[in-house]
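User: Please go through this model with me in questions and answers, starting with the conventions.

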Amino acid sequence: MIQRIVVYTLVSLLFLFAFTQIGAALTYSGGGEWNYSEEITVSENSGQNLVNYQVPLVLNSSNFDFSRASSEGEDIRFTSGDTQLKHWVEDWDAEDETARVWVRVPYIAASGNARIEMYYGNPDASDVSSGPSTFELFDDFSNFNINFGKWDQYYTGGGEVDVTGGTLQLIVPKFHPEDVAQVKSDDDFPVNSMFVVKRKKVTTGSDTRGPIIEQGFVDPNNQDRNQVIVRTELENETYVSWVLENEKSEARYFPKDTASLNVAEDTWYTTGVAWYMVDELGRVAFFENGERIGSMDLASTEEENYVPVEDMKAYLFASTYSDVSKNMGYAAFDHAYVRKFVSDEPTVSISGAATSEDEANLSENTSSETTPAPVKINVTPPEGKINAVRIFDSSGYNDSLIADMRESGLNMAMLRVTPDNIWNLERFVKNAHDNDMLVYAMILSNPTGVTEDNSASVQETVSAITDYNNKSLARYDGISIALNPCAEDTEAACENNLMLVEGIRENTNNSLPLAVDVPFSYDRSSIGEVADYVELFVILTYDAEGDSLDSTADIVDSVAAKMGEVRAAGGDALISVAVDDGFMTDDNVQELLEGLQDYYAQDSAFMGTEIVVYSEYLDYIEVSTGSTEDSGPIPGIPGFGIVLAVAAVIAMVFVMKKE
């Protein structure tokens with residue numbers, strides 16, 4: 001029997017980030033030992049608390065010995081305290097001894113410092129550089145088609161949108177005044193954001209001006225209403241101008257020819273559109289190859305408030321000129337990302353290198369007193385979708401941890417509830433609501449097996465929830481049924497399950513949504529028949545035999561039939577995935593959740609994802625099946641459905657409905 005894990009450790013295992021020493025912290029991603037480390041100080045300059053801020057680290061021969069690291073920076077790692085940080089290597093040239101690496105720093109106190117540690121010098125380490133984990137939006141266009149979970153496309157006239165060879169191309173190939181090709185991000189982003197792309201222009205017509213290219217942010221609903229756009233025109237993109245419009249203030253501003261990029265045809269370079277706020281008024285800035293172009297700095301005033309501050313979408317656009325010239329061609333994009341941006345960005349200083357012999361001394365200085373517990377994941381769910389987590393013991397969750405959960409992208413908690421602990425959970429529920437998180441009361445049956453008293457026990461919990469919701473200022477948003485198997489006496493157990501469903505409906509007067517687990521091996525056939533009784537199906541992708549799916553493709557194939565039944569019945573579903581340090585890393589979890597969101601982006605039945613710690617699930621199986629000597633109830637462990645649990649509920653409710 002695995003010893004129970006305290007709550008903070010559970011959270012750490014869940015997202016696979018918390019580590020207590022350098023050997024444990026970094027070896028999970030390739031093995032080996034890190035021989036060198038350097039302390040990095042990040043100083044906040046804008047007077048704001050920065051959370052999950054992407055900080056660029058520029059390395060060269062004066063501050064880094066490239067001969068000690070892997071040839072492409074595969075072994076580079078960053079930590080804050082005992083937590084490994086997300087990073088992305090934008091460029092790494094060991095021969096020229098230059099590199100640019102982005103690090104997602106969990107917290108930098110206003111006008112304060114955050115200390116992080118950089119490790120390198122491990123030839124066995126695998127590459128864990130991850131753009132999607134580091135930025136608010138990232139796409140390197142490595143698929144064969146545009147990622148419809150990230151972008152919406154539009155084209156007219158002869159315009160085309162194409163993804164090929166690892167690049168996005170907005171093509172205007174014809175002699176036509178209405179050649180237009182554009183993409184907009186599926187997600188909205190708040191002010192204090194920057195949209196960066198690596199791009200080039202290619203002219204295919206006889207007019208050497210080539211196509212017009214636009215980059216920036218536009219209104220989510222009407223892109224002509226609110227705009228922060230940079231437009232580049234003419235040969236070598238020597239004519240650069242802003243297109244700024246704030247519909248709310250009825251202000252427009254179109255300054256002409258404020259800069260020159262002067263980039264030769266078919267040459268890669270980066271551009272960034274920064275959109276931020278100071279003293280409640282919008283401002284804009286423009287960057288070429290990471291350098292700010294001062295002539296493009298513009299700021300709204302109360303009299304001329306032409307920069308909007310509402311949430312907007314990232315936007316890319318190519319078109320021909322309206323004079324019907326033969327300026328055909330395309331804009332190509334190697335990668336694109338959205339990051340956070342403030343007026344005076346943090347500055348970075350790097351200490352001298354230290355060897356592994358200095359680890360003990362260094363570890364004492366890697367965390368800052370101003371730095372709270374770091375955010376664990378960063379998966380932004382699409383609007384209206386859910387990123388849920390099962391929590392079996394809330395005692396260790398303080399206000400800061402709940403805020404971190406929400407900041408990381410989680411917006412629902414399935415919280416274990418009993419009649420005895422329900423009022424002790426009020427503060428958790430209120431804090432979750434204050435952070436815009438939903439909370440479902442998760443009801444577990446007795447982990448020692450199904451008995452005749454189980455339904456009465458569960459109904460007692462439902463009654464306690466109803467009473468609590470009538471009196472509390474922090475109501476539960478729904479109920480989740482999580483049962484142990486219909487074991488030896490299937491008929492009696494299923495009768496109790498039927499009583500459970502009836503009891504929930506009667507005790508709550510149908511006032512709370514009901515979520516029900518669909519086990520990994522369950523036959524889908526009756527899902528549609530009970531859709532009227534269940535608001536949310538939770539489709540498990542792991543079972544009692546130790547099998548757990550850990551790739552988007554495998555999960556999609558496994559749940560296809562169940563999702564089809566839910567879809568046909570007009571129902572909603574969460575896909576529940578298991579994570580553990582034995583077979584998944586933090587980047588794998590990130591990629592898996594985003595992959596499921598992308599695949600089901602257009603599926604009306606898909607409501608999002610749920611995460612559970614797999615080892616906790618297996619612990620429950622051991623206890624409920626009597627495979628260990630310790631068969632007594634254990635607090636804080638999952639007791640949700642296995643094989644027959646929900647199958648029995650669904651089957652009996654189906655019989656009830658037919659009768």
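Analyst: Contact means heavy atoms within 4.5 Å. The model is predicted: local features need pLDDT of at least 70, side-chain atom pairs count only at pLDDT 80 or more, and totals for chains, interfaces and linings use all residues. Residues are numbered from 1 along each chain as its sequence is written, and side-chain values use heavy atoms, with hydrogens and water left out.

User: Among contacts in the protein chain between residues at least 6 apart in sequence, what percentage joins residues at least 24 apart?

Analyst: The count is restricted to contacts between residues at least 6 apart in sequence. Of these contacts in the protein chain, the share that joins residues at least 24 apart is 74%.

User: What percentage of the 659 residues in the protein chain is buried?

Analyst: Buried means under 20% relative accessible area, exposed over 50%, and partly exposed in between (1.4 Å probe, protein chains only). The accessible surface of the protein chain, by the Shrake-Rupley method with a 1.4 Å probe, comes to about 26,500 Å², of which 44% belongs to carbon and sulfur atoms. Of the 659 residues, the buried part is 56%.

User: How many helices and strands are there in the protein chain?

Analyst: Helices (H or I, at least four residues) and strands (E, at least two) are DSSP runs, numbered from the N terminus. By this rule the protein chain has 12 helices and 33 strands.

User: Which residues touch the most other members of the largest nonpolar core?

Analyst: A nonpolar core is a set of buried Ala, Val, Leu, Ile, Met, Phe, Trp, Tyr and Cys residues joined through side-chain atoms within 4.5 Å. In soluble globular proteins, nonpolar side chains tend to be buried together. The largest core here has 54 residues, and the members that touch the most others are Ile-465 and Tyr-476.

User: With which residues is Ile-465 in contact, leaving aside its neighbours within four places in sequence?

Analyst: Apart from the largest core lies another core, of 43 residues, among them Trp-151 and Val-284. For Ile-465, neighbours within four places in sequence are left aside. The contacts of Ile-465 are then Val-417, Ile-422, Ala-441, Ile-443, Tyr-476, Ile-479 and Leu-512.

User: Which strands stand at the edges of the open sheet of seven strands?

Analyst: Two strands pair if DSSP finds at least two bridges between them. The order in this sheet is β9-β12-β22-β14-β15-β16-β17, with antiparallel pairing. Each edge strand has a single partner strand, so one side of each is left without a neighbour in the sheet; these strands are β9 (151–156) and β17 (251–253).

User: Which residue in β12 stands opposite Asp-152?

Analyst: β9 and strand β12 (residues 180–185) pair in the antiparallel sense over six bridges. Opposite Asp-152 in β12 stands Lys-184.

User: Is Glu-178 buried or partly exposed?

Analyst: Glu-178 lies in the loop between β11 (167–172) and β12. Not counting residues up to four places away in sequence, Glu-178 touches Thr-156, Gly-157 and Thr-320. Its relative accessible area is 48%, so Glu-178 is partly exposed.

User: At what distance does the side chain of Asn-246 reach the backbone oxygen of Asn-305?

Analyst: Asn-246 is in strand β16 (residues 239–246) and counts as buried because its relative accessibility is 4%. The backbone nitrogen of Lys-248 lies 3.1 Å from a polar atom of the Asn-246 side chain. The distance from the side chain of Asn-246 to the backbone oxygen of Asn-305 is 3.1 Å.

User: What C-alpha distance separates Asn-246 and Asn-226?

Analyst: These two residues are 20 residues apart along the chain. Asn-226 is also one of the residues with which Asn-246 is in contact, as are Arg-225 and Tyr-306. The C-alpha atoms of Asn-246 and Asn-226 are separated by 5.0 Å.

User: Which residue in β6 is the bridge partner of Trp-92?

Analyst: An open sheet of three strands has the order β2-β6-β5, with antiparallel pairing; β2 (50–60) and β5 are its edge strands, each pairing on one side only. Six bridges join β5 to strand β6 (residues 98–108). In β6, the bridge partner of Trp-92 is Ala-99.

User: Which residues does Glu-90 touch, not counting residues up to four places away in sequence?

Analyst: Glu-90 is found in strand β5 (residues 87–93). Its relative accessibility is 15%, so Glu-90 counts as buried. The residues touched by Glu-90 are Arg-100, Trp-102, Thr-270, His-335 and Tyr-337.

Technical notes
Polar contact = N/O pair within 3.5 Å; in protein donor to acceptor, adjacent residues only side chain to side chain.
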